[in-house]
Amino acid sequence: MTAIPPTGTTPPAAAPRRSVPWPRVALHAGALAVLAVMLYPLAWLLATSLKPAKEVIASLNLLPSHLEWSNYTTALEGVNGVSVWQLLTNSLLIAGGAVLGNVLSCSLAAYAFARLRFRFRGPLFAFMIATIMLPHHAVLIPQYIIFNQLGMVNTYWPLILPKFLATEAFFVFLIVQFMRGLPRELEEAARIDGCGPFRSFFLIILPLTRPALITTAIFTFIWTWNDFFTQLIYLFSPEKFTLTLALRSFVDASSQSAFGPMFAMSVIALLPIVLFFLAFQRFLVEGMASSGVKG
Amino acid sequence: MTTTDIPVAPAREGHGKPPKKRGGRRREGAAWVFLSPWVLGASVLTLLPMAVSLYLSFTDYDMFNAPRWVGLRNYVQMFTEDPRYWRSVGSTLTYVVIAVPLQLAVALAVALALKFMRRGKAFYRSAFYAPSLLGASMSIALVWRAIFNDGGTVDNLLGTGGWVNRPGWAMLAVALLTVWQFGAPMVIFLAGLQQIPGELYEAAAVDGAGRWRQFLSITLPMLSPVVFFNLVLQTIQAFQVFTPAFAVSGGKGGPADSTLFYTLYLYDRGFVASHMGYASAMAWVLLLVIGAVTAVMFRTSRSWVFYADEEGR
């Protein structure tokens, strides 16, 4: 693919070779300019988290006059007497549970939809797809009532349990799409050798589905980590707060003195996502791309 | 899909309707075992709550006392007596209409630019995608509020004062945060662009079609399913925006309710004011509106979405 010139451009082969490919230079200049604007908020965040209180506002200067590391030590003390480590642990617990739940339950459902035959498969599949478009708010209040009756409000169950029940249909769809691309001959050979659907699933299909499962795991982690609405509704004890929810305490804060620590904490809350992104960007970008194109 | 099945082990799996064979029955049973978590989730956490939510929307319910049937009272109040409701509808619709087309236009433009790049494509693709993951976080929402605040960067550069404190402009700030996350639709556009066969362009070039002509006659039609996918997905998401509105407005939907997005008002009615019946009615109207908008998009898509593999059907 790299050797073939991009389609759509008229091949410049006929023209004498110019030393500088100006259209391409312009393209790169444009892309870098857009990138600079896009990265500005992130640079601003990083810079502000290290600024002394009086420089936060009133200065267009991105760089602080000196690095105020105390913002971070203040941030590590946490909010409402709960340390950042506790908040971090809580966030990790919820995100970890959600990842496990989604990977497990969504791959099971996806295998049935992609490979097995059962009554009402068509209508049920259509229903599953439809729930991707269902606004969360339509089920929110009764779900809250259910979890309240079960005594699970202000615990992590409402945040984790639904993931074990394949409620995020987007991932079921993603894995179905991937499984459909796997050759059927593998299972048919296994079936002749006496493999039932369970062994076929665990020994043959699941290992081959790994890219889709990794995509599911990473997206689940990042989305759960970023999720604010569900946590806002279900959690109210400060010691059970996640990092995202703890940042909420700053939403009402208008005092400028809290700015440095607030953005230091924002950086800490973003760090896992940034690390995930750097480590798995290939899976993330390709997972996203394949979700929209094959459908 | 199913018709391409090769019956390797005959009689194990009947193609006929009733799977009378023992093997067929067992496989059917296995399917339900695989499906059981989903079936439980779909019934207990999706279907049942939808029905309950519809019921509650006709009641007065505060979580502590039993729901009291009030008929259409919530809907009547919502549509005729609650100016804040209409303000939330207004700002949400304005936001959807501004943010979604703008975001998709930027996404498509950048995707087209990247398509022509030989070097650095992978780098740009990842870099432009990053905000799509970070942008949903409270951290970035707080950054947004500070940048668009009085004395923030935008104020300093444009001298417009703080957008966050001005009705109308605050909504625009939230919309820009959405546009900033154009990376996700861009990546999908880019993947779609790469699937367009190069021969089409070669043939068009032979026929003397210029770049613009090629874009209109080849790129756009071939890309239309992907445009449609992005449009539906982003619109549905935009109707439900919450975190940035919450952060930008200090959780209250200000100034002058201009960022009181629909979901923020629903949260306020249900979980702050304990009017669960009213919030349920709001949720059902949202469900119907999103359903209707999606249906209209699917219906009109027949005239502009082009599926190459269905040609001549």
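**Exercise 1.** Which side chains meet in a salt bridge at 3.4 Å, N to O? Place this pair in the interface of chain A and chain B.

*Solution.* The model is predicted.
Step 1. The pair is B:Arg125 and A:Glu286, whose side chains form the salt bridge at 3.4 Å.
Step 2. Between chain A and chain B the count is one salt bridge. On the side of chain A that touches chain B, H13(A) gives the most, with 18 residues.
Step 3. The interface also holds 11 residue pairs in polar contact, both residues being at pLDDT 80 or more.
Step 4. In contacts, 98 residues of chain A face 102 residues of chain B. The two chains bury about 9500 Å² between them, and 75% of this area lies on carbon and sulfur atoms.

**Exercise 2.** Find the salt bridge that A:Arg282 forms, and describe the setting of its two residues.

*Solution.*
Step 1. A:Arg282 pairs with A:Glu286, with 3.5 Å between the closest N and O atoms.
Step 2. Both residues belong to helix H13 of chain A; because they are four residues apart there, about one helical turn separates them.
Step 3. The relative accessible area of A:Arg282 is 55%, so this residue is exposed. A:Glu286, at 38%, is partly exposed.

**Exercise 3.** Classify B:Asp60 and B:Arg269 as buried, partly exposed or exposed, and give the salt-bridge partner of each.

*Solution.*
Step 1. B:Asp60 bridges to B:Arg68, the closest N and O atoms lying 3.1 Å apart. Its relative accessibility of 37% makes B:Asp60 partly exposed.
Step 2. B:Arg269 bridges to B:Asp268 at 2.9 Å between the closest N and O atoms. At 18% relative accessible area, B:Arg269 falls under the 20% limit and is therefore buried.
Step 3. Shared partners join A:Arg282, A:Glu286 and B:Arg125 into one salt-bridge network. Over all chains, the structure holds nine salt bridges.

**Exercise 4.** Which residues touch the most other members of the largest nonpolar core? Follow B:Tyr95 further.

*Solution.*
Step 1. The core has 197 residues, and A:Phe113, A:Met265, B:Tyr95 and B:Tyr129 touch the most other members. Helix H13 of chain A, residues 259-293, gives the most to this core, with 15 residues.
Step 2. Beyond its neighbours within four places in sequence, B:Tyr95 is in contact with residues including B:Val100, B:Met171, B:Ala238 and B:Phe261.

**Exercise 5.** Summarise the make-up of chain B.

*Solution.*
Step 1. Chain B contains 13 helices and two strands.
Step 2. Of its 313 residues, 55% count as buried.
Step 3. The accessible surface is about 14100 Å², with 64% belonging to carbon and sulfur atoms.

Note on methods. Residues numbered from 1 in each chain as written. Chains lettered and ligands numbered in written order. Predicted model: local features only at pLDDT ≥ 70, side-chain atom pairs only at ≥ 80, totals over all residues. Heavy atoms only, no water. Core = buried A, V, L, I, M, F, W, Y, C linked by side-chain atoms within 4.5 Å. Buried < 20%, exposed > 50% of the residue type's maximum accessible area, 1.4 Å probe, protein only. Contact = heavy atoms within 4.5 Å. Areas by Shrake-Rupley, 256 points an atom, 1.4 Å probe, with all protein chains shown as cover. Buried area = accessible area lost by both parts, 1.4 Å probe. Salt bridge = Lys/Arg side-chain N within 4 Å of Asp/Glu carboxyl O. Polar contact = N/O pair within 3.5 Å; in protein donor to acceptor, adjacent residues only side chain to side chain.
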